[in-house]
Amino acid sequence: MTTANPSSLHASAAPGAALDRTDSDVVLIVDDVPDNLAVLHDALDESGYTVLVATHGEAALQRAAQALPDIVLLDAMMPGMDGFEVARRLKASPATAHIPIIFMTGLTETEHLVAALEAGGVDYVTKPIKPREVMARMGVHLGAARKARQDARQAREARNALDAFGYASITVRASDGRIVWQTPLARELLQSYFGEVSPDGTPTAFGQWAPEPVQAWLRRHVLADNAAELLAASLAEPPRLAVEQGARRLTFRLHQQAGDSAGGGDWLIVMREVSDAKIIESMSLSFKLTAREAEVLYWVVKGKINRDIGDILGASPATVKKHLERVFAKLGVETRTAAAAMAMNRIRQLHPQFEG
């Protein structure tokens, strides 16, 4: 086997170089001893990995931030910034916190191994390094990391899908009302209806807490005696919370427990906004009505007579009657009752929170 020299190793790790992740995982090796780097570099390269190297802590942090490797092989003892500090900094950065770290160490005392794990390592191998052992350990942790990324991606896609269909979602910790995560639409709706608040009701810059009405509703149905047992048994869905703002209404539905049950657990809450304008728009699209015809039909559903509809829309009862005749023709019905029933059925399909 031809051994790579240190200068070629540094060239292979040039900052900004494009990395092809299609067929190989990217490994960052951090070690201040060139011979150790060369042996591992050659073994991993021959096995199909894309290999980056760093010979000191600062370079390791730079390489990791630039390339976002799939795994880091990290020497514990290096001059200057040691491997423990490198690991702590990698785990402290949101961009690199997910990357698994395997320590390489000649120290076998228990306290050093514990320190490696406490610094953020998922595993360790002892020196002298045996490449086959390293690759076996890497395989385990790369597989776990891939599954975690896949699960996270699927969760993001599911949340984004909810947003796309108008169902915003948040997860709230019942014990203190902290928002664990929220979709973009959820954040937008909460800001629109409540602003951003802290537990005592004062504004906060980060929107970390659920609004007090939501917290109170959650506590009432989750932390009350036997509430969790009733929910778990699916005996009944708790009453939904509705918050109105003019012609807009935001409803909250308690969906499922997302975390453990300690202190009430974390709960997934699904929100949906309903407004007159959105319902009218959906009826227009569903039945191929003009905007004014959809408005007339909406107020028929609400039980208004032609005179009242004319007052609302600023039109005469005769004009309302003409619009309504065209609505009957497009819906294939002959009476107000039939038109209202057909429209109500469609509205409830598209806007389950609509109460008529």
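Two strands are said to pair if DSSP finds at least two bridges between them. With that term in hand, the tour of this predicted model can begin.

**First stop: two neighbouring strands**

Select residues 26–30, which form strand β1, and then add β2, residues 50–54. The two strands run parallel, and five bridges join them. Display the side chains of V27 and V51: V27, in β1, has V51 of β2 opposite it.

**Second stop: the whole sheet**

Now extend the selection to the other strands: β3 at 71–75 and β4 at 101–105, and β5 at 123–126. In what order do the five strands lie in the sheet? Read across the open sheet, the order is β2-β1-β3-β4-β5, with parallel pairing. Strands β2 and β5 each have a single partner strand, so they stand at the edges and one side of each lacks a neighbour in the sheet. Turn the view to follow the twist, which averages 20° from one strand to the next.

**Third stop: helices on the sheet**

Select residues 57–67, helix α3. This helix packs on the sheet and touches β1 and β2, and its direction makes about 145° with that of β2. Next select residues 83–92, helix α4. Helix α4 also packs on the sheet, where it touches β3 and β4; the angle between its direction and that of β4 is about 175°.

**Fourth stop: D31**

Select D31, in the loop that lies between β1 and α2, the latter spanning residues 34–46. Is D31 buried or exposed? Its relative accessibility is 1%, and residues under 20% are classed as buried, so D31 counts as buried. Show its side chain, which reaches the backbone nitrogen of V33 at 2.9 Å. Then display the residues around D31: beyond its neighbours within four places in sequence, its contacts include N36, L37, A54, T55, D75 and K127. Finally, add H56, which is 25 residues from D31 in sequence, while their C-alpha atoms are 6.8 Å apart in space.

**Fifth stop: an enclosed helix**

Move to residues 291–301, helix α11. Why is this helix described as largely enclosed by the rest of the structure? The reason is that eight of its 11 residues are buried. Among them are E293, Y298 and W299. To see what surrounds these buried residues, select α10 (276–287), α12 (306–313), α13 (317–331) and α14 (336–350), against which they pack. The tour ends at G303, just after α11, where phi is positive at about 90°.

How values were computed:
Residues are numbered from 1 along each chain as its sequence is written. This is a predicted model: local features need pLDDT of at least 70, side-chain atom pairs count only at pLDDT 80 or more; totals for chains, interfaces and linings use all residues. Side-chain values use heavy atoms; hydrogens and water are left out. Helices (H or I, at least four residues) and strands (E, at least two) are DSSP runs, numbered from the N terminus. Axes are lines fitted to C-alpha atoms, for helices over the stretch in contact, and angles run from 0 to 180 degrees between N-to-C directions. Contact means heavy atoms within 4.5 Å. Buried means under 20% relative accessible area, exposed over 50%, partly exposed in between (1.4 Å probe, protein chains only). A polar contact is a pair of N or O atoms within 3.5 Å; within protein, one must be able to donate a hydrogen and the other to accept it, and residues adjacent in sequence count only if both atoms are side-chain atoms.
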